[in-house]
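User: I am new to this structure and should like to learn how its features are read. Please take me through them in order.

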Amino acid sequence: MMWNVILFCSVALSGVKKSISSGSNTNGSLIDYESSKGEMLKISTFINNVLKDYDIKLRPNAGGKPVEVEVEFKVVSLGKIDEANMEYTMDIFFRQWWHDPRFKHNYTKAFTMAEDARKLFWIPDTYFINAMKSSFHRVTKDNSRIIIYPNGDVYYSTRLTVTLQCYMNLFLYPMDTQKCPFLLESYAYTKDDVFYRWTKRGTKGIEIMSKETAQFVLLLSRTERIDEDKISGNFSQLLATFTFKRRLEYFIITIVTPAVILVILSWCSFWIVPDAIPARISLSITTILSTLLLSGTVNAQMPKVSYLKAIDVFLLGNFTFIFLALIEYVAVLNTNPRCPFKVGFLKKICNTGESNEEKDVKRNSRCEHKPSDPMLMYDMNGFSWDAANNGYPRYHYIDKLCRIVFPLAYVIFINAYWFYYRNLATVRQESGYSV
C-alpha cells in the first residue's frame, strides 16, 4: 500500500514538473514573440521616418562611389521560342541587391515587405536591352518582395514575363542549336553611378527550374559582364546566354515521314504499264503537288531568310526524285520499249519479272510456247508485249531499271544528307556558333 502511494506521488510530481516546464516554455515563446513584434514595429517606424525625408531621385552615395548592384534571376518556365519573329519568352523572378546607407539601423532583424519598391524609394533603373515586351504579375497582388537589412542592404525581387529578341541562324533547321541572349543595363546611369555584377550567392546569377519546352531543350546557360561604350557614355551591362537545342521527334513525324512516303508512292508508277497514261500522270502530279504543299506548310511558319535551310534541301531533294519519276515516264513514252542490252547485269534487270512461260520462250528462242494469256505475245528475245498494243513490250525496260536505280539513289541521298548536316551541326555546336 505504501509503495502505491509513493508511486502515485512520484507520477503527480512528474506531471507538475512537466506542467511547470511547459508553462515556462510557453511564457518564453510569448516573451520572444512580444520582443520580436516590438522590434518590428520599431523598424517599421524607423523606415517610415526615413521615407518622410527620402528623396527618391537621389541614388545611394549620390555624388560619390557608384552603387554596386548584384543581379540574379530564377527562370520559372520557358515559354514559346518563335522562329518567325525571332524571339523567345521566359517567366522569371528578377532579383537585385544593393546598399543604401539611408536604411542602416541598429536593430537586429531584417524587415520584409510585399510592396512595389518603385513607389517607395530609389531602385536601380534596370532595363532589358533586347526585350520586345514585358509584364509584371499582379495576381492576387503585385508579385514583389522587399527586404531591408540592418546594415542598409536592400533586396528587391519581382516576377516578370519577358519576351526577348533572339537572332537565329536557321541554316541547319531543324537540326539547329540556338543561342539567345538576355542583356540588361541601367537606362540612365553610367558605370560611374551604377555598377552591375552577377551575384555570387551560389547560383552564379541564373537559377533554372524548367529546362524544356515543346520543341527545345536548354543545354547551357552562361553569364558574363560587359562594359559598353556608347555615345551617351560607358554603361555597365550584364549578359546571360541560353543555348537551346531543337528536338527532332516532331519534325521526323510531321515532315520527314510524309515526305519519304510521297517519294516511295511516286515509284509505284514504275509498276504501272505504260499504256495506263491517266493513272501514271495522275499519280505523279498528285505526289508533286503534295510535296509542294508540304514544303509550303513548313515555310509558312518560318522567317523569309535568304538562304537554304536544311529542311529546304531535304524537301527539294524529295521533290527532285518525284519530278524525275514524271520525266522518266516521258522517256518511256518516247523510246523503244525493247531492252537494248544483250549481256550483263542490265540484261538481267530487263528480264526481271518474267513468267515461267516467258523464260521457256526465251530458252527456245522462238515463239513455239503459247502463254496461258492469249493477249500476250513474245518476240525471239523472250520479251513480252501486249498483242492488243501493236506488239510493244508490256513493261518498258526503263521502268524495270528505275525500280532499282531510284530506291538505291534515294537511300544514298538520305544517308549523305543526314551525315553532312549532323556532322556540321556537331562541329558548329562544339565551336560555339549558333547553328
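Analyst: The following dialogue treats the disulfide, one helix, the nonpolar core and some backbone features. This is a predicted model, in which local features need pLDDT of at least 70 and side-chain atom pairs count only at pLDDT 80 or more, while totals for chains, interfaces and linings use all residues. Residues are numbered from 1 along each chain as its sequence is written, and side-chain values use heavy atoms, with hydrogens and water left out.

User: How many disulfides does the structure hold?

Analyst: A disulfide is a covalent bond between the sulfur atoms of two cysteines. Here it is assigned to a pair of cysteine sulfur atoms within 2.5 Å. The structure holds one: Cys166 and Cys180 are joined, with their sulfur atoms 2.1 Å apart. Cys166 lies in the loop between β7 (153–165) and β8 (177–186) and Cys180 in strand β8, so the pair ties together parts 14 residues apart in sequence. Helices (H or I, at least four residues) and strands (E, at least two) are DSSP runs, numbered from the N terminus. The torsion about the S-S bond is about -75°, so this disulfide is left-handed.

User: Is Cys166 buried or exposed?

Analyst: Buried means under 20% relative accessible area, exposed over 50%, and partly exposed in between (1.4 Å probe, protein chains only). Cys166, at 0%, is buried, and Cys180, at 1%, is buried as well. Cys268 is partly exposed at 36%.

User: What should the 18 residues of helix α2 span?

Analyst: The expected span is 1.5 Å times one less than the number of residues. For α2 (residues 249–266) this gives 26 Å, and the end C-alpha atoms are 25 Å apart, which agrees. Among the buried residues of α2 are Phe251, Ile255 and Leu262.

User: How many residues has the largest nonpolar core?

Analyst: In soluble globular proteins, nonpolar side chains tend to be buried together. A nonpolar core is a set of buried Ala, Val, Leu, Ile, Met, Phe, Trp, Tyr and Cys residues joined through side-chain atoms within 4.5 Å. The largest one has 85 residues, and those with the most contacts inside it include Phe73, Phe121 and Phe242. Helix α7 (residues 397–431) gives the most to this core, with 11 residues.

User: Which peptide bond at Pro174 is cis?

Analyst: The bond joining Tyr173 and Pro174 is cis, with omega about 10°. Pro174 lies in the loop between β7 and β8.
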